[in-house]
Amino acid sequence: MTTDLRSWLESVRSLGLLRELRDADWDVEIGAITDINAKKNKYTLLFDQIKGYPDGFRLVTGALLDSKRVALTLDLTPTLNDLELVRTIKDRAKSAAGNMDGYSAKYVDHAPVFENRAEGNKINMLKFPAPKWFEYDGGRYLGTADAIITRDPETGWINVGAYRMMLQDETTMSILIEAPRHARLMIRKYWDAGQPCPVAISFGHHPLIHMFAGMEVPPGVSEFTYAGAVRKRSYEVVKGPMTGLPIPADSELAIEGYIVNEFRQEGPFGEFIGYYGGGTTQSATVKVAAVYHRDKPIILGTCSGRPPHDYTYFRCPMRAALIWDILETAGIQGVQGVWCHEAGYSRAFTVVSIKQLFGGHARMAGHVACQCRPGAVSGRYVVVVDDDIDPSNLDDVVWAMCSRSDPATGIDVIAESLGTPLDPIVDHAPDKDILEYTSSRGIIFATKPYRKLIRNEFPRVVEASKELREKTVRRWKELQD
Ligand SMILES: Cc1cc2nc3c(=O)[nH]c(=O)nc-3n(C[C@H](O)[C@H](O)[C@H](O)COP(=O)(O)O)c2cc1C
């Protein structure tokens, strides 16, 4: 059981997955190291003595690059494979559904994040390690794996989201919040009432809150609560002295301030789809009113880019679990597994495996998976496969697509679905609002035709039977692991 980022890092060390690096440059070198690592050795990286920053002001990347570290973060056994992880996350969320409040954030009176405080002209956000991650980025991003905490002014609902934040100067930062995000709706309510939106932001914390801040948790439920329900242990928070907003009690570096209705140039930024699709934006401004940090704070950072990148992995089991939960809640029976692939940056290539129970069953599953919120945001393709196909195995999935789908009848195209300006194939126009973007979806039904399935007319798969395989492997040690 890990209680903060520091104890979590020690557990990662004991798994043999931590590497410490000294003297790296914030100016694109940390980004290049992080990206190469995400595609190759997949260590968790702890950077210290970062050029130009005080010794001991550290930065972690590569936090959640495999199932072991996702499981560790959720207090689960690290031996779970990808699909077992998905099922466990889904089952835990489902079993807590009627009792989410039992896992509400737990307020504590003291937190080490208040070891150092600054307000007014003492604030200097530039002293914390903030990489320029890639060569064509437009600035230094302190906020990537951050947790942005806002309160709905009407209902009191506390939202936690991960939205990128670029440094402007000592006391201001730009924040990019896309169209369907919950914080955007809350901020709009404050602005419509002529008020700035109070905000608390943590830049270093236990990776648990990073995992849930960066996912489409259902509306109306706080990510603190949802994370606690899935981990089966409430998340501890401390009340922000200025805004009263909850700040992770394990935070290493946090601010309180206001999101104001002022727009500044932000970006470009190497985005999660793998392109500079969004270019330079005019983004809202965060004015920092107070900053708190632990002695020798550790910033949690990450960068995106061509997938697989530093945060594609953890969103695969998380998104798959959210989609599976919604499928079941929508009454879709027979779901055997769901997987969202890293090559589709966890959003654009989702595979649902079902045991077909009736004609049209695959269509129901495909359309719900495609249009529900965690499946719809930046989505592109959904593939529905039979229960003999492992949805996380691309060879299996492509084989099913090639051999079981008929392109003339087995692909549904849904035009004008939820879009994003970051999509490299959408058209931009100077007067186009962020809320106007749409794009189409393809749902591929790579399932055996139901009429052949029930008549036992679909050809037998060519492979040794389970019994023959087991007997053969027992006899031939060359085939054993
Ligand atoms: C590392 C990381 C960075 C992200 N950056 C952004 C961002 O800059 N802007 C944005 O709108 N969404 C970003 N997202 C996606 C949102 O965090 C995600 O859609 C989440 O569901 C938003 O919270 P909400 O559902 O409460 O709105 C990012 C996610 C991750 C994991």
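## Close-up views of a predicted model

**View 1. The backbone at Lys232, in the loop that leads from helix H7 to strand S12.** Lys232 is found in the loop between helix H7 (223-231) and S12, and the whole structure shown in this and the following views is a predicted model. Although Lys232 is not a glycine, its phi is positive, at about 65°. Most residues other than glycine have a negative phi. The strand on the other side of this loop, S12, comprises residues 236-239 and is taken up again in the next view.

**View 2. The open sheet of three strands, with the order S4-S12-S13.** The pairing within this sheet is mixed, and its edges are formed by strand S4 (106-108) and strand S13 (246-248), each of which pairs on one side only. From one strand to the next, the twist averages 50°. S4 and S12 run parallel and are joined by three bridges; within this pair of strands, Tyr107 has Val237 of S12 as its bridge partner. Strands of a sheet pair through backbone hydrogen bonds, either parallel or antiparallel.

**View 3. The shell of residues around the ligand.** The ligand is surrounded by 20 residues, of which the closest are Gly161, Arg164, Glu178, Arg181 and Gly214. Two of the elements that contribute to this shell are strand S8 (158-161) and helix H5 (182-192), each of which supplies at least two residues. By residue class, the shell divides into 10 nonpolar, six polar and four charged residues.

**View 4. The packing of helix H4 against helix H8.** Helix H4 (residues 82-96) packs on H8 at an angle of about 50°, and the axes of the two helices are 8 Å apart; because of this angle, H4 counts as oblique to H8. The crossing of H4 and H8 is right-handed. On the H4 side the contact involves Asp82, Leu85, Val86, Ile89, Lys90, Ala93 and Lys94, which meet Pro317, Met318, Ala320, Ala321, Trp324 and Asp325 in H8. The residues of this contact comprise nine nonpolar and four charged ones, with no polar residue among them.

**View 5. The packing of helix H8 against helix H9.** Helix H8 (residues 312-329) also packs with helix H9 (residues 361-371), here at an angle of about 130° and with the axes 10 Å apart, so that H8 is oblique to H9. H8 passes H9 in a right-handed crossing. The residues that make the contact are Ile323, Ile326 and Leu327 on the H8 side, together with Ala365, Val368 and Ala369 on the H9 side. These residues divide into six nonpolar, no polar and no charged, whereas the contact of H4 with H8 includes four charged residues.

**View 6. Two cis peptide bonds that involve proline.** One cis peptide bond joins Gly267 and Pro268, with an omega of about -5°, and Pro268 lies in the loop between strand S14 (253-266) and strand S15 (281-293). Another cis peptide bond joins Pro307 and Pro308, where omega is about 0°; Pro308 has its place in the loop between strand S16 (298-300) and H8, the helix whose contacts with H4 and H9 are shown in the two preceding views. Most peptide bonds are trans.

Key. Residues are numbered from 1 along each chain as its sequence is written. This is a predicted model: local features need pLDDT of at least 70, side-chain atom pairs count only at pLDDT 80 or more; totals for chains, interfaces and linings use all residues. Axes are lines fitted to C-alpha atoms, for helices over the stretch in contact, and angles run from 0 to 180 degrees between N-to-C directions. Helices (H or I, at least four residues) and strands (E, at least two) are DSSP runs, numbered from the N terminus. Angles under 35 degrees count as roughly parallel, over 145 as roughly antiparallel, 65 to 115 as roughly perpendicular and the rest as oblique. A crossing is left-handed if the near helix is turned anticlockwise from the far one by less than a right angle, and right-handed if clockwise. Two residues are in contact if their C-beta atoms, placed from the backbone, lie within 7 Å. Ala, Val, Leu, Ile, Met, Phe, Trp, Tyr, Cys and Pro count as nonpolar, Asp, Glu, Lys and Arg as charged, and the others, Gly among them, as polar. A residue is near a molecule or strand if its C-beta atom, placed from the backbone, lies within 6 Å of it. Two strands pair if DSSP finds at least two bridges between them.
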